Amino acid sequence: MKILKYGYFGEDESHRIFLANYLKQLIIYIGKLNDLIFDFDEVFTYKFKGRNKTDVDKLFTEAVQEGFIDYQQDVFFVGRDLDTFHSNEFKDKITFMQSQLRDDFKDKTFLMIPVQCIEHWLWYMKIKIENPTLTKNESLESKPNREAKIALYRSAKVSNKISIPIVEEYSKLLDFDHLLSRSDSFRVFHNRVKDFVMKLE
């Protein structure tokens, strides 16, 4: 059994919750059930908190370095919304953020950057759960953040008390194949994490 201690730095609780549930389900999805555990470094994460994407952009390299060096983490995840749907901006953001990392951290740091916002990934799951036989391949990520949040929370602005249980609900029911077929940004994130895990001894 291999235990990977992971650090996380991101802009809000929705990203952290999605990540935790994603990692649990990933182990099952790729068949590493008896081989691997992701262990969340809670102490570190609640020390390093971003309030918004500007904070994440400003502080993520420092957070990554402290996570690996001072907290002896094995892997690190950075979460922030892109807040746009242009594919070139997504690629540019990933490339730029990767270029800011130390070379020895790049292969074990994973950028979770949903096109538009994390609610879009959850919105795909909501639609799939409510309409399991639906085959229409509609891109939700061209729709504004406000629309995604209303679809999930019934309001564009809600408290954590309302949003967290909903994020928990839908992120615990991930359909990997469905998300991979719908969201380029999820596919980029997932494929990097999966490739890393599959190479572990």
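1. Strand 3 is mostly covered, for five of its five residues are buried. The burial holds on both faces of the strand, with Val75, Phe77 and Gly79 on one side and Phe76 and Val78 on the other. This arrangement can be read with a general point in mind: in a regular strand the side chains alternate between the two faces of the sheet. Please keep in mind throughout that this is a predicted model.

2. Where does strand 3 find its partners? On one side, strand 3 (residues 75-79) is joined to strand 1 (residues 2-10) by five bridges, and the two strands run parallel. Within this pairing, Phe9 stands opposite Val78 of strand 3, and Gly10 has Gly79 as its bridge partner. Strand 3 is also joined to strand 4, again in parallel, by four bridges. Here Phe76 stands opposite Thr109 in strand 4, while the bridge partner of Val78 in strand 4 is Leu111. Val78 therefore appears in both pairings, facing Phe9 and, in strand 4, Leu111.

3. Taken as a whole, the sheet is open and has four strands in the order 2-1-3-4, with parallel pairing. Strand 2 (36-40) and strand 4 (109-112) stand at the edges, and because each has a single partner strand, one side of each is left without a neighbour in the sheet. From one strand to the next, the twist averages 30 degrees. For a student meeting such a sheet, it may help to recall that strands of a sheet pair through backbone hydrogen bonds, either parallel or antiparallel.

4. Is strand 4, at an edge of the sheet, buried or exposed on its two faces? Both faces of strand 4 are covered, since Thr109 and Leu111 on one side, and Phe110 and Met112 on the other, are all buried. Helix 10 (residues 184-198) lies across strand 1, strand 2, strand 3 and strand 4, and its direction makes an angle of about 155 degrees with strand 4.

5. At the other edge, Asp39 is found in strand 2, and with a relative accessible area of 40% this residue is partly exposed. Leaving aside residues up to four places away in sequence, Asp39 touches Ile3, Leu4, Lys5 and Tyr6. One of these contacts shows how the fold brings together residues that are separated along the chain: Asp39 and Leu4 are 35 residues apart in sequence, and 5.8 Å apart in space from C-alpha to C-alpha.

6. A nonpolar patch on the surface is formed by Met1, Ile3 and Ile37, which together have about 310 Å² of accessible area. Met1 belongs to the segment before strand 1, and its relative accessible area of 63% makes it exposed, because the cut-off for that class is over 50%.

7. The charged side chains deserve a separate look, given that side chains of opposite charge can pair when their charged atoms come close. The structure holds 12 salt bridges, among them one between the side chains of Asp55 and Arg51, with 3.0 Å from N to O. The two partners differ in their surroundings: Asp55 counts as buried at 9% relative accessibility, whereas Arg51 is exposed, with a relative accessible area of 69%. Asp57, Arg80 and Lys93, in turn, are linked in a network of salt bridges.

8. Another salt bridge joins Lys106 to Asp103, whose closest N and O atoms are 3.2 Å apart. Both residues lie in helix 5 (residues 103-106), where they are three residues apart, about one turn of the helix. Lys106 is partly exposed, with a relative accessible area of 24%, while Asp103 counts as exposed at 65%. A further salt bridge, between Lys172 and Glu168, has its closest N and O atoms 3.8 Å apart, and Glu168 is partly exposed, with a relative accessible area of 26%.

9. Finally, where is Thr135 placed, and is it buried or exposed? Thr135 sits in the loop between helix 6 (118-130) and helix 7 (145-153), and at 68% relative accessibility it counts as exposed. Its C-alpha atom is separated by 19 Å from that of Phe186, a residue 51 places away along the chain.

Methods: Residues numbered from 1 in each chain as written. Predicted model: local features only at pLDDT ≥ 70, side-chain atom pairs only at ≥ 80, totals over all residues. Heavy atoms only, no water. Buried < 20%, exposed > 50% of the residue type's maximum accessible area, 1.4 Å probe, protein only. Axes fitted to C-alpha atoms, helices over the stretch in contact; angles between N-to-C directions. Contact = heavy atoms within 4.5 Å. Patch = residues over 30% accessible without salt bridge, like charges linked within 9 Å, V, L, I, M, F, W, Y side chains within 5 Å. Areas by Shrake-Rupley, 256 points an atom, 1.4 Å probe, with all protein chains shown as cover. Salt bridge = Lys/Arg side-chain N within 4 Å of Asp/Glu carboxyl O.
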